[in-house]
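Welcome! Here is a short, friendly tour of one protein model, going from its sheet to a helix and then to its core.

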Amino acid sequence: MPEIAALLDRAVVSLEPSASLRRAARLMADQGVGSVVVLGAEGGPAIITERDLLQAAAQTVDFGATPLEAHMTKKAVYQRIFESITRL
């Protein structure tokens, strides 16, 4: 079976937990993706998705002042890119 890296057609988009929700939204729009991996989060990789941003907007939070760590999904399930897809 091929490695996961062989199936990827672009780099993973990532930010640090202290980045703002606005920065994540702009990055998603610019890169044409629906989620951003949050690296450096306590407990391992996390993720922020369009749905997380929508929920934050419904709470009327300040996107420029609110860090990702306040709305990200913690303890995301992940797979290393150089492992075989059979391990998924």
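Two strands count as paired if DSSP finds at least two bridges between them. With that in mind, strand E1 and strand E2 (residues 35-38) are partners, joined in the parallel sense over 2 bridges. Please remember as you read that this is a predicted model.

**The sheet**

- Three strands form an open sheet in the order E1-E2-E3, and the pairing is mixed.
- Strand E1 (14-15) and strand E3 (46-49) are at the edges with a single partner strand each, so one side of each has no neighbour in the sheet.
- Where E1 meets E2, you can find Ser14 opposite Val37.
- E2 and E3 run antiparallel, and 4 bridges join them.
- Along this second pairing, Val38 stands opposite Ala46 in E3.
- The two faces of E3 have their own residues: Ala46 and Ile48 belong to the covered face, while Ile47 and Thr49 belong to the uncovered one.

**Helix H2**

- Which residues of helix H2 (residues 50-58) are buried? They are Asp52, Leu53 and Ala56.
- These buried residues lie on the same side of H2, because they cover an arc of only 100 degrees around the axis.
- A general rule helps here: an α-helix has 3.6 residues a turn, so residues three or four places apart point the same way.
- Turned away from that buried side is a face with the exposed residues Arg51, Leu54 and Ala58.
- Helix H1 (21-31) and E3 are among the parts that cover the buried residues of H2.
- Just after H2 comes Thr60, which takes a positive phi of about 55 degrees.

**The nonpolar core**

- In soluble globular proteins, nonpolar side chains tend to be buried together.
- The largest nonpolar core in this model has 16 residues, and the members that touch the most others are Leu21, Ile48 and Leu68.
- At least two residues of this core come from each of H1, E2, E3 and H2.
- H1 gives the most, with 3 residues.
- What does Leu21 touch, not counting residues up to four places away in sequence? Its contacts include Ile48, Leu53 and Ala56, and also Val61, Phe63, Thr66, Pro67, Leu68 and His71.
- Two of these names have come up before: Ile48 is on the covered face of E3, and Leu53 is a buried residue of H2.

Notes: Residues numbered from 1 in each chain as written. Predicted model: local features only at pLDDT ≥ 70, side-chain atom pairs only at ≥ 80, totals over all residues. Heavy atoms only, no water. Buried < 20%, exposed > 50% of the residue type's maximum accessible area, 1.4 Å probe, protein only. Arc of directions from axis to C-beta. Contact = heavy atoms within 4.5 Å. Core = buried A, V, L, I, M, F, W, Y, C linked by side-chain atoms within 4.5 Å.
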